[in-house]
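Here's a quick tour of one model, with an eye on its internal cavities and one of its sheets. Have a look at the structure first, then read on.

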Amino acid sequence: MKLRKQVTVCGGAIFCVAVFSLYLMLDRVQHDPARRQSGGNFPRSQISVLQNRIEQLEQLLEENHQIISHIKDSVMELTDTGAVSPSGHLPFKSANGSWVLPFDGHPTFLAVKPQDCQFAVASRAKTDVQMLDVYSLLKFDNPDGGVWKQGFDITYEPDEWDNEPLQVFVVPHSHNDPGWVKTFDKYFTDQTQHILNNVVVKLAEDPRRKFIWSEISFFAKWWETADVYKQEAMRKLILGGQMEMVTGGWVMTDEANAHYFAMIDQLIEGHQWLERNLGITPISGWAVDPFGHSATMPYLLKRANLTSMLIQRIHYSIKKHFSSTRSLEFMWRQAWDTGSSTDMFSHMMPFYSYDVPHTCGPDPKICCQFDFKRLPGGRINCPWKVPPKAVVEANVAERAQLLLDQYRKKSKLYRSKVLLVPLGDDFRYDKALEWDQQYINYQKLFDYMNSHPELHVRAQFGTLTDYFSALYKAYGVAPGSRPGDFPVLSGDFFAYADREDHYWTGYYTSRPFYKSLDRVIESHLRGAEILYSLAVANARHAGMEGRYPVSDYALLVDARRSVGLFQHHDAITGTAKENVVIDYGTKLLRALIGLKRVIINAAHFLVMKNKEFYRFYQTEFYSTLSQLLPLLHPSELLIAISSCLSTLPVQLSPQWSSGTQMSAEVFEATFMVRLPALGLAVFHLYDSADSPMTFRSDIVLRLPSQSITARALDPLPVRSQPADSQTFYISSQTLTLGFSGTTGLLESIKRKDDNLEVKVHMQFMVYGTRPSKDKSGAYLFLPDGKAKPYNQKEPPVVRVAEGPLFSEVVAQHQHFQQTVRIHNVPGVEGLSVDMTTMVDIRDQTNKELSMRLVTSIQSGDVFYTDLNGFQIQPRQHHPKLPLQGNFYPMPSQAYIQDSRHRLTLHTAQALGVSSLESGQLEVILDRRLMQDDNRGLGQGLKDNKKTANRFRLLLERRSPGNKMDSTTTSFPSTVSHMTDALLNHDVLALPVLPKRRGVPPLQTFAPLKSVLPCDFHLLNLRSIQSQQDPQSPSQYTALILHRLALDCGFEAQNLGFNCTTTEGQVGSVDIFSFLEINSSTVAGSLFKQGPALDSDWFFSRLVRPVPFEDRFFFSFYYLFRFLIGFSLIFVII
């Protein structure tokens, strides 16, 4: 009855506030002096504003109604279950034995406007080529194509170019890996600096010479070491068009494992460097070495104002098909685009590689003769045993005719009479001799061709943009527009195979430890960027900029570049030599330490009530969370955690040093709090002799034999019992999980609101590698057949822990430990299954460990994976492909579904995934391989580390009457978006170390004026570098928002916060409480400053209603786990 009264009072108060707000608003309108001056006639703009405000109030009243209804439903639910708390504020067990948390006074609701659900079900723009259809069409066989082994014989008529001569652009380039078999710094010292020094000298010798460069990480390092004369000479070459910077990213990013946060960040870093130092903007994209291509990349380049792009590593069967249909150049459109706004003109290279033998035409034996670095007497030669010949007057006609024949044959694969011919390879042009060999000999060939009009060819050196510009000019269209009848394509280009059944699908998982570390540091980088920007803005607002360590910006720059460097296609992929991997790891660790310092200083400043004390405590206030805080004494195992308002319930659990051995020094305290969005909250931990708010986990050890004993520490008792084959269960308010009594692994999931129990049988499988010459390695996945079940000699020890805030099952196997936890809390945290798989296969030989989920979902041969955490790509299992050809990258999630359920596996690290049979999802967790796979690395994968793979498993039920997605597009639900954010953006806990002077007064920091719509994600709040000092921030900060597309076809669940949408409208001035926001457009490049724009235009145009999948941050319920010891500040970013 008391609860009913509280609900009534709460609901009535909310209603009164809404009505009173409406009254005040109308009263303000009536007495506004500006309106009185207009004689009572409202200007049209003011009427529009008033109408919008009234609509907002109407929505607020509707939301209040939903709140009251939700509270009423909650009360009825508690009444029906007989759940009555004896004390009114403590967790308690209901009549059926399950734990129930008391109502926290924060009613929640989901109010997604119907218009914001329409995008997911809208009709898509028609495309000429859909990659899913291409996969269904092709046989993926490999017949011998003659001189072009993976293609076909090409013929032409001699008079085809009589009316329109062939234009040939030979584009010299040097592909510089920022780390592979050498470290980044070693490559720079040995080769890269010499290449760029030669650019300055050799391009200046002849204005007809051209060159392109893509890796800004290397170029920036060279620039810093070059004197002013070299810098000026290089600037002149670039501004004069002889040297072109292509793509402009910090690296040529991997496109399979990289997350779009990092892809954008490294692109911004490179573009900002070019803008600041050279005043230029990249126009064309160049990606010759990533191992497969994602549809995310053309979208990002399009939004960075590039007009064209080139790609290379694509399955040889697809290249052959595109060549035969003359579809190698196309407009690449996002599959979810309802129009053509995302179209990006793309050029696909047709042959095996980007080296000289595979770029002039279809016959590598002939093309190799025109790689003049291979002239007799050099260090490298042609494998086809026919060496190049220096071009002299006596042979120029014959050599020109031979080369022109290859040019003409290659041009027959394209629709235009403009031909692109790359001229380069890895780390080429590091010697002055090669410059002379290539440029002098080719110029003689060009001069001969151009001086003989009967050949109908114009050949020259060119940049990538020279080629694209000529093509656009030939068709009379603007750069980036669709030329003539060129096809429109949607889809992606995974998985990549370069020959036979050699699929490059192993690198989706290779070195998972570093893939996981990358995502942890990305999350810290995002958090540090946001907190630093807010702290500097706050300090400026308070007139204390001189007191705040603005110099922390140098740490941000270092971290950006270290994270950017790791996005390189031989870094995050796990395909570098061991010493190079260590170098990457050292850089990432240094970045992490720096980011923690930035976060600590910013959090310190923002939570202090009296900022005058800031300098006094600056160097001694916080410690990081990397330490283990000691337990005082077992008898003092009663603690309390309080906020400024009340003491919070705490669940205490032991930490385990082995499967049955409890740690005597450390334990885990879990509590539930509500945090401000993007903010900071302070909580105090203290000893309590007898706290009713402290609850101990109920722990049971299921032991496989009587010879194993459990050792408990009072007062955390542990019960043990013999293991049996019977299924056992753990439950929360929303979920019930079933587990195998034999293995301790998950067997089923049942939602509270669904009578149907869904089979989710977890299995661990092992792949070997084939016994033939070609074996699995860092790049390739070449298994010896289907996976075999994982077996170990001794049955596992299984621990079961249950309590008011969470319950978990831990299965301790020989090579992995599987922890499955459910949180008994309202909101997103309690709607999914929290899983951690600790993998250690360091004693294995040529084995790959996978986790397979076998479910009762009737998914058929269709499953879904994400691309870069940005969008969802439908996949189809094809029996005509080898097993390894059906694996795809999974940077953030994969799911299967049928007409009733969707099961999504969210991941905190990029891994390889497949669905080999209906109802299955399978993830490769780690790979230990003893040999090289003959792709240039020269090593296997033998540096494995004990790695924690973190997942969230989300089971959703489709609403009655809602159909499944189309075959070409799919989108996560609101809950799925939130779950992804929960997994990938952990709350940071900062323990306070109190000194003798004590801790100064601290306060909660909540920077947002209002909560963002829940279909928006704040991707970053990035302080822009100063033009004068790259190690200092300017007055500008880049606010990057991302609107998410929602699949509203699933039953709504309690998200734990008020979720509303606004049809894509966000008022820029209403976001932050102390930031002055000047809206400006992205002009020319990523975050090149443009003219000020109307804020509504900025947010309606820049932040589009498009289906991107990514992270959310709002006032969630969270469970925080930490090791007890001091006061904590929690950061929600």
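How do the residues lining the largest cavity divide into nonpolar, polar and charged? Keep in mind that this is a predicted model. The split is six nonpolar, four polar and two charged.

**The cavity**

Counting those of 30 Å³ or more, the model holds ten cavities. The largest one comes to about 100 Å³. Among the residues that line this largest cavity are Met131, Leu132, Tyr135, Asp492, Phe494, Arg875 and Tyr888. Two elements, α5 and β34, each give at least two residues to that lining, and β34 supplies the largest share, with four residues.

**The sheet**

That brings us to β34 in another role. It belongs to an open sheet of eleven strands with mixed pairing, in the order β22-β21-β28-β29-β30-β31-β40-β37-β36-β33-β34. β22 and β34 sit at the edges with a single partner strand each, so one side of each has no neighbour in the sheet. Going from one strand to the next, the twist averages 20°.

For a closer look inside the sheet, take β28 and β29: these strands pair in the antiparallel sense over five bridges. One of the residue pairs here is Arg799 with its bridge partner Val810 in β29. As background, strands of a sheet pair through backbone hydrogen bonds, either parallel or antiparallel.

Here are the residue ranges of some strands mentioned above:

| Strand | Residues |
|---|---|
| β22 | 718-722 |
| β28 | 797-802 |
| β29 | 806-812 |
| β34 | 871-876 |

Note on methods: Residues numbered from 1 in each chain as written. Predicted model: local features only at pLDDT ≥ 70, side-chain atom pairs only at ≥ 80, totals over all residues. Heavy atoms only, no water. 1 Å grid on protein atoms, 1.4 Å probe; cavity = no way out; pocket = protein on both sides within 12 Å on 5 of 7 lines; lining within 4 Å. Points joined across faces, edges and corners; volume = space filled by probe spheres on them. Nonpolar A, V, L, I, M, F, W, Y, C, P; charged D, E, K, R; others polar. Pairing = 2+ DSSP bridges. Axes fitted to C-alpha atoms, helices over the stretch in contact; angles between N-to-C directions.
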